[in-house]
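Hi everyone, thanks for coming. I'd like to walk you through one model today, so please have a look at the screen.

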Amino acid sequence: MKKTQLDKEEQALLAAFESGEFQSELTPSRKKSVEESAAQTFKKNKRINIRISDRDLMAIQKRAMEEGMPYQTLIASIIHKYASGSLYDVTANNATNSNS
């Protein structure tokens, strides 16, 4: 798994968190709501079959190994991020911006 490099501000926040300076304001009802939402979000109740190239599969498996997760989990994560709108094509944005 990759070791993340933290900047000074992130290191200070981590140190404060680890020393117990932060206290949760999460109410029991809000906690229950968040837990229910999380359970629904990550509920895997559908199965799909897809065909992809050997090259793409090998690249995904390599990335998953670097991240320390099964490649199926990485694929599911990519699909979830795309479906929720948090995954976008950076190269497409760069091409659009360079043509301006």
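Let me start with a question: which pattern does the protein chain follow, read along the sequence? It goes α-α-α-α-α. That is five helices and zero strands, and please keep in mind that we are looking at a predicted model.

How is this chain laid out in space? The radius of gyration of the protein chain is 19 Å, whereas the globule rule gives 13 Å for 100 residues, so the chain is more spread out than a compact globule. If you prefer to think in boxes, the C-alpha atoms fill one of roughly 50 × 40 × 35 Å along the principal axes.

Now to the surface. Only residues under 20% relative accessible area are called buried here, and of the 100 residues in the protein chain, 3% make it into that group. The accessible surface of the chain adds up to about 9,700 Å², and carbon and sulfur atoms account for 54% of that.

A word on charges, too. The protein chain has 15 positive and 13 negative charges, and their mean positions lie 10 Å apart.

Finally, let me zoom in on one residue, Gly68. Where does Gly68 sit? You'll find Gly68 in the loop between α3, which spans 54-67, and α4, which spans 71-83. And is Gly68 buried or exposed? Its relative accessibility is 57%, and the cut-off for exposed is over 50%, so Gly68 counts as exposed. For a sense of distance, take Thr27: Gly68 and Thr27 are 41 residues apart along the chain, and their C-alpha atoms are separated by 33 Å.

That's my tour, and I'm happy to take questions.

Conventions: Residues are numbered from 1 along each chain as its sequence is written. This is a predicted model: local features need pLDDT of at least 70, side-chain atom pairs count only at pLDDT 80 or more; totals for chains, interfaces and linings use all residues. Side-chain values use heavy atoms; hydrogens and water are left out. Helices (H or I, at least four residues) and strands (E, at least two) are DSSP runs, numbered from the N terminus. The radius of gyration is taken over C-alpha atoms; the globule rule is 2.2 Å times the number of residues to the power 0.38. Buried means under 20% relative accessible area, exposed over 50%, partly exposed in between (1.4 Å probe, protein chains only). Accessible areas come from the Shrake-Rupley method with a 1.4 Å probe; for residues, only the protein chains shown count as cover. Lys and Arg count as positive and Asp and Glu as negative; His and the chain ends are not counted. The place of a charge is taken as NZ of Lys, CZ of Arg, CG of Asp or CD of Glu.
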